[in-house]
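Dear colleague,

I am passing on the structure below, and after it you will find some notes on what turned up when I went through it. Please read them with the model open beside you.

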Amino acid sequence: MLLLEEFLTTYDIGDATDSTGMRFLRGEHMEETFSENDVPDGQEPCRIIPQLSISDGRLTVSFRYGPVSGSKRSYKIKSVPEFVDKTKKREPMPFGKKWTPVLTEERLEDNSRRMYDLMRRILDEERLHAENFIKRSSLYSYWGTSHFEMTFRDELPLYGRWLDEFFSIVAENAGPLDYLETDHYDYYKEKKKGKLTISPEAHRPSFLITAYHSEEGEFLGVRLTGGMGQCFYGERRAYSFGNNELAPLNIRLAKLMEPVEQAAGLEDIVMEIGRRELPEFYHKVVPQLREMTELSEPDDEEIQRYLPPEAKIFYYLDAEENQVFGRGAALYNTRRHSLSEPLNNRPLEPYRDLDAEIRARDALEAYFPYYDEERDLFYNDREDGICQFLQDGLDRLFTIGEVRSTERFQSLGVKRTIPLNIGVSMENNLLDLKVTSDEYSEEELLDILQAYREKKKFFRLKNGNFLLLAEQENNAVAELSMMLDTMQVSLKDFVRGKMQIPAYRALYLDRMMQSMENVYADRDRHFRSLVRDFRTVEESDYEVPEALRGVLRPYQTVGYQWLRMLDHCGFGGILADDMGLGKTLQIITLIASLQGDGVSMIVTPASLVYNWREEFRRFAPELKVCTVTGTAGTRRDVIETVNKENRDVDVLITSYDLLKRDIDAYEDAEFRFVVLDEAQYIKNARTSAARSVKLLRGQTRFALTGTPIENRLSDLWSIFDFLMPGFLFDYETFRREIETPVVRGGDEAKAEQLKRMVTPFVLRRLKQDVLKELPEKLEEIQYTSMESRQQQLYDAQVLHIRNLLAEADYQKDRFRILAELTRLRQICCDPALCFENYRKGSAKRQRCIELIRSAMEGGHKILLFSQFTSMLELLEGDLRGEGIAYYKITGATAKEKRIRMVNAFNGDDTPVFLISLKAGGTGLNLVGADIVIHYDPWWNFAAQNQATDRAHRIGQKNIVSVYKLILKDTIEERIIEMQDSKQKLSEDILGAEDISSSAIDRDELLQLLG
């Protein structure tokens, strides 16, 4: 154990809290909170009154504050940041000499609350922008953070989304709004003051088109006059200010007229269009003005005489065997001009629309990059180019002009899917697949599949059409390819038509075919019967043994029938019910219902061997149960009785540890059922425990676990490798095809594929779904903060780990790094766990004892979990000092003694049970307690839940309160955050919260350090 002074000397960091940290610790989150209706007595409702200011195209808002009553005056808010700050903190603020109200959000009327919220959010964003700018500049030392308060003292800017939100608030008020125009040369000099009407209706400005002439009377062009008022831009729309009115304006119109408006200033727009630009103006601008404004146009024949015709674009398309051709033309009434004509280096007819012709030619050349001068044709002879044109280019040409084509071109086509038929039949526990198509041979289907898997964008069919492969994600080719991959059918077997797959793929295959909208599926009677059995488990004929009919709850009966149905079909499965729902009872019912069919094997953690024996005696005393325990010789004698087909034994129960030692003795044993309890014990397929259970021979295999996925998807693979080897492929295939894409790439399609595969063989029920009578479980995180000496020790250890990470090889030094991480977590619990002369105490430890005292005063009984047995020893001393009776279980507690203590606790008045997390996380029924305290967070979120469920399970009559003691701003808080993010993986695959976070990489470790 490192001495305290030695540690502080080695990692001397002094007072590491800077001004930002102190501001955070003394900030608003530390303030007392109030209920929403907690308005100080005698304080009448108030309102915020906005006033707009307009100066040089800049729109700002200032505010007044006062009672809602019209008989009382309002006061200008001279400092908006101070007003918002005091409202947050519920502090008084003086207005005038005689009125100093306490500012609270609750006393504001509804519309003013919205205005206050807008003020607060504008300030937050502007403060962030201002501080970031100032800190990056050389002015920081001069301005500091006070520059923000100077800039936004009595008004806030309105632009973008802030302007949109402000308008939506004030538009709901019926009355006018005060506004003030100022001279941009002298901001404080008033130019105009008055009342502003807020119009919710969109403004349609008026414009007029007239002809204008020279002094000699010659027609020169047209003049556009009108005005939109001054424009201000929000995020979703623009706003027009003029004639004492603020109204929304079509933002397309504002953008269209923006150059003219800027040139005209605030005056009416006057714009002249000469004869040369008349075509562009009338063909492009005038249609938009007609749509968005009140436009007056003269019926002036003179204008029409000088207005040339609009260019009409025509395209002509043709095709040969491996080429497509195109030409284009621009038509002006009766005058036609080819798009292949050069448009430069020669004078053009004045009526021609050069821009339109260039755009039309560019579109043609984009898909026909080659030109044949003799035939005056653009052409493309590349298959990918032809396919791209058929896919995209043709639609583009249609948007530009009229398209005409020959029959040879029209015979070309682009197909986005192909018709497929899948037939499936079942015989001798194998599924026979047959894939056919009414239009394509098996050889052509093979070529299509190979092209798709090579990620080609298209495939040229024998009839000349193009099949778009890049769009097959939801179509027949993609569905067929995914089905063959999932079923592990090679393309070679596909072509031969010899596709036989194991029957356990039937359920997933049925789900796939249901979702394959572009594929017709034909299923034979045997296949349909198998699928129907899975869908109607509750209607099955599997009867519960008579002795247990009044014992099983309805959901347990369904679980038993599900197990029987899997057994009947020859499949294994995972009973993954929530902790406390009686997985053990459902297995006992299964074995009892088939008594006499053979010997069954239960493999369980050592601490639960005797629990299983007692449960069999309680619910099925007619079964002959033997525990494989004791010396090696004693165990071998028991196993030999099974090898000799001794019918005096129905069930063997052994532990994972003993099975590893005795596995050779089971070589000749054949079991009716092999059941793994707490099957997460074999999550690592490389361990001897996992290898040993997979050597056991059994007619049907089942796994019991509330956490099929503890840390990673390979946990699930290992369990299924025991249940039905090959179901999730070999591990390398599983890792390459599913685990890596899902975990590292976030591949939702692969995650859905895995979910569809495993769901039929995993039965998962949550307590809140099936036990409506089970009392509620209330969870609460209680935060405490470190004292200064503990904070110094913590910061020094963080610095030490960071230095270690910078210097060490993470993979080679992983255990050393994790050991240092454990020391950091122990400092959070109590530095006395690491430093033998530490005497400064622990805020968390003190809070824990206070919580126990409070619970005892309310007549509650407490389970207290910690992963550190040394922490339990410190708490023992505290309990003894307080005169509080307790029990304690750690890994060193004998199995038989644990059961005695559990029974005693559930029946006596002892208020506290100290339990190490690993020793007490499974197998214990402690419904005598109704309060659970987790002293420290464990990486494994599922293990914490399992520990909680020692109390929150069948038999519990009281609401269970769960308290997690967390040290604020430490690794403990970030462990909780990591648990929340990592458990999503299990939710996606199993739809349940049962994943832990023990597997962390270097980057995650750095995040944990803060």
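Lys86 is a buried residue, because its relative accessible area is 17% and buried means under 20%; please keep in mind, here and below, that the model is a predicted one. Lys86 belongs to helix 3, which covers residues 80-89. When its neighbours within four places in sequence are left aside, Lys86 is in contact with Glu91, Pro92, Met93 and Leu103.

Further along the chain there is an open sheet of four strands, in the order 12-8-7-13 and with mixed pairing. Its edges are strand 12 (269-274) and strand 13 (294-296), each of which has a single partner strand, so that one side of each is left without a neighbour in the sheet. On average, and with direction ignored, neighbouring strands of this sheet are turned by 20° against each other. Strand 7 (residues 206-213) runs parallel to strand 13 and is joined to it by three bridges, and within this pairing Ser206 has Glu294 of strand 13 as its bridge partner. Helix 9 (residues 278-292) packs on the sheet, where it touches strand 7, strand 8 (219-226), strand 12 and strand 13, and the direction of helix 9 makes about 20° with that of strand 8.

Strand 18 is worth a look of its own. Strand 18 (residues 377-380) pairs with strand 15 (residues 324-332) in the antiparallel sense over three bridges, and Phe378 in strand 18 stands opposite Gly326. Strand 18 is also joined by three bridges to strand 17 (residues 370-372), again in an antiparallel run, with Leu377 in strand 18 as the bridge partner of Asp372. Strand 17 and strand 18 make a hairpin that has four residues between them, and in the turn Asp376 has a positive phi of about 50°.

Next come two helices. The axes of helix 26 (residues 731-743) and helix 27 (residues 748-758) come within 8 Å and cross at roughly 120°, and the two helices are therefore oblique to each other. Their crossing is left-handed. On the side of helix 26, Phe734, Glu737, Ile738, Pro741 and Val742 take part in the contact, and they meet Lys750, Ala751, Gln753 and Leu754 in helix 27. The residues of this contact divide into six nonpolar, one polar and two charged.

The last item is a second open sheet, made of six strands in the order 34-39-38-35-37-36, with parallel pairing. Strand 34 (777-784) and strand 36 (886-889) stand at its edges, and since each has a single partner strand, one side of each is left without a neighbour in the sheet. Neighbouring strands here are turned by 20° against each other on average, direction ignored. Within the sheet, strand 35 (residues 862-866) and strand 37 (residues 912-916) run parallel and are joined by five bridges, one pair of bridge partners being Phe865 and Ile915, the latter in strand 37. Helix 32 (residues 869-882) packs on this sheet and touches strand 35, strand 36 and strand 37, its direction making about 165° with that of strand 37. Helix 33 (residues 895-907) likewise packs on the sheet and touches strand 35, strand 36 and strand 37, while its direction makes about 150° with that of strand 36.

With kind regards

Definitions and conventions: Residues are numbered from 1 along each chain as its sequence is written. This is a predicted model: local features need pLDDT of at least 70, side-chain atom pairs count only at pLDDT 80 or more; totals for chains, interfaces and linings use all residues. Side-chain values use heavy atoms; hydrogens and water are left out. Two strands pair if DSSP finds at least two bridges between them. Axes are lines fitted to C-alpha atoms, for helices over the stretch in contact, and angles run from 0 to 180 degrees between N-to-C directions. Contact means heavy atoms within 4.5 Å. Angles under 35 degrees count as roughly parallel, over 145 as roughly antiparallel, 65 to 115 as roughly perpendicular and the rest as oblique. A crossing is left-handed if the near helix is turned anticlockwise from the far one by less than a right angle, and right-handed if clockwise. Ala, Val, Leu, Ile, Met, Phe, Trp, Tyr, Cys and Pro count as nonpolar, Asp, Glu, Lys and Arg as charged, and the others, Gly among them, as polar. Buried means under 20% relative accessible area, exposed over 50%, partly exposed in between (1.4 Å probe, protein chains only).
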